[in-house]
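Me: Could you take a close look at the side-chain contacts in this model, with the charged pairs at the centre and the aromatic rings and the nonpolar surface after them? I would like one connected account.

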Amino acid sequence: MNISKNQGTVLVLSAAVLLAVWPLPNTMGLRHLALLGGFIAAAYVLKSSLQLFRDKQAWPVYLLFSIFIWVALHFALPSDHRAEQWRELSGDWLRNFLASIIGLSLGILLNEPKKYLSSFMQRAKDSILFWGLAGTTSIFISRYLYEVLQSGSWIHLDFYMTPYLGKTPLVIFGGLLIPVLLIKALGVLRGNSSYIWCIYSFIGLVATLLMYFFANTKNGFAMFLLLVIAGLLVALNDILRSKSSVVVFVLFSLAGTFVFGYIVNKHLASNPAWSNLVSDFQISVKISEHKNWKDKVSPLPTNENGMQVNGSTYERVAWGRAGVELLVENPLGYGLINHSFGALAIQKWSDFHAPDGSNRGSTHSGWLDFALGFGVPGLLMVCIPLTSSYLRARKRNDFWGAYAIWTIPLIGISYLTTEVCTGHFIELLFFLTALFSGLTLQVAPGPTAEYGD
């Protein structure tokens, strides 16, 4: 194996490690090692692919990486929070840059694996990356089973705090596995994937849904159902167009309906907030009439049914509405990844709650927080490359093109409804955006099985 093949292998392994452990607490040393090793390997791929960036089709890549210039301009302007900006510039943004380079190079490698990988790694790369994408679900379920063996009890609600210290990592990183499972299941229906993927996909989907159930995450459940319903609609369309096996579709659907329906019913029964979602939203959006969202002390308002609004729904909607107002007034952004919302809110509303140390508060929308930090221009520098990658991926006929088609909308939805404008969530966002931008720089290399192995 020559040096180029070694570096391609390092790139794939580094990306898989990052995907698996990014949200896992106490893995900073491993993450930094993977970022550094992946970046060095990625530099070779970029050096060998410079001709790609001379083509006009490369404009999404240039737009994405222009965000780093925009951030530097924010830092160069006079500011009363220079120390915080420098801390983010030398920490968060440095890691975002490394993650972007790794993602971009990996996308290029996936287009031309023969150029960068040995024959063994060409066959193994997808499996390695699949396990990286499955890392969060696998780690959570393994830790849960260990807890069951230790305690002798099968049910441990809100177990997410034990391995991940929060629900958000499970929603974002756990969700990255779902498109893989749906694509492979559809591949079985179309005769392009091995039947063993019926079992793998079913087990993976059940494991992910159980993870969301034991974490009691409404965002996770909503995202899971949207993706599965979309998968069923695609499968049904294939059936009507006589592309798929009716028997496999019926068996998979029946098993899925029974298992998924049971778990979803249990989740709905334990979360009355779903039944009052509309009425709670109507009250929560009226931020000028209530104060709790500002001070977190005033009593929560009551909805039209005379019931106190759900605290989570109220804060998400009220802070989202307030965030939109602040963005309209500050379209170029405040200049920080972390807590720009709280900093701007204190300036606008004198009775907004005081900071808790350096924590001023953020909305529950990653996209909105990012826009408040770096304005509408900064947001467009990420969203436009993602949209371009989605449209280009629709012209492809390979697994990773299909993964982009399923995952980009998932990113759009999950980052809209989840508090993820911080740390490794932003690193993941830049990694995936760069990955899909690199992947769609050129047409897929020759006809391959649509959802093959």
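Reply: What follows goes through the salt bridges, then the aromatic pairs, and ends at the surface.

The model is a predicted one, and by the rule applied here it holds 8 salt bridges. A good place to begin is Arg95, which takes part in two of the contacts described here. With Asp92, the side chain of Arg95 meets in a salt bridge at 4.0 Å from N to O, a value that can be set beside the cut-off, since a salt bridge requires the nitrogen to be within 4 Å of the carboxyl oxygen. Both residues belong to helix α5, which covers residues 92-111, and they stand 3 residues apart, about one turn of the helix. Asp92 is buried, because its relative accessible area is 13% and buried means under 20%, whereas Arg95, at 23% relative accessibility, counts as partly exposed.

The other contact of Arg95 is with Glu427, where the closest N and O atoms are 2.9 Å apart. Arg95 lies in helix α5 and Glu427 in helix α20, residues 423-439, so this pair ties together parts of the chain that are 332 residues apart in sequence. Glu427 is buried, with a relative accessible area of 3%.

A further salt bridge joins Glu147 and Arg143, with 2.8 Å between the closest N and O atoms. Here the two partners both sit in helix α8, residues 135-151, and are 4 residues apart, about one turn of the helix. Glu147 counts as partly exposed at 22% relative accessibility, and Arg143 likewise counts as partly exposed at 27%. Returning to the contacts of Arg95, salt bridges that share partners join Asp92, Arg95 and Glu427 into one network.

The aromatic side chains come next. A pair of aromatic rings is described by the distance of the centres and the angle of the planes. In this structure there are 29 aromatic pairs. One of them is formed by Phe213 and Phe214, an edge-to-face pair with 5.2 Å from centre to centre and 70° between the planes; both of these residues are buried. For Phe341 and Phe352, the ring centres are 5.8 Å apart and the planes lie at 85°, so this pair is edge-to-face as well. The pair links distant parts of the chain, as Phe341 is in helix α17, residues 340-348, while Phe352 is in the loop between α17 and α18, 11 residues apart. Phe341 and Phe352 are both buried.

Ring pairs also build a cluster, whose members are Phe39, Phe65, Phe68, Trp93, Phe97, Phe370, Phe374 and Phe430. A contact of another kind is found at Phe75, where Arg82 lies over the face of the ring, at 4.8 Å from the ring centre.

At the surface, Trp59, Val376, Leu380 and Ile384 make a nonpolar patch of about 330 Å². Helix α18, residues 366-393, gives the largest share of the patch, 3 residues, and Val376 has its place in that helix. Val376 is partly exposed, with a relative accessible area of 36%, and this value fits its membership, because patches are made of residues with over 30% relative accessible area.

Conventions:
Residues numbered from 1 in each chain as written. Predicted model: local features only at pLDDT ≥ 70, side-chain atom pairs only at ≥ 80, totals over all residues. Heavy atoms only, no water. Patch = residues over 30% accessible without salt bridge, like charges linked within 9 Å, V, L, I, M, F, W, Y side chains within 5 Å. Areas by Shrake-Rupley, 256 points an atom, 1.4 Å probe, with all protein chains shown as cover. Helix = DSSP H or I, 4+ residues; strand = E, 2+ residues; numbered from the N terminus. Buried < 20%, exposed > 50% of the residue type's maximum accessible area, 1.4 Å probe, protein only. Phe/Tyr/Trp six-rings, centres within 6.5 Å; stacked < 30°, edge-to-face > 60°. Lys NZ or Arg CZ within 6 Å of the ring centre and 35° of its normal.
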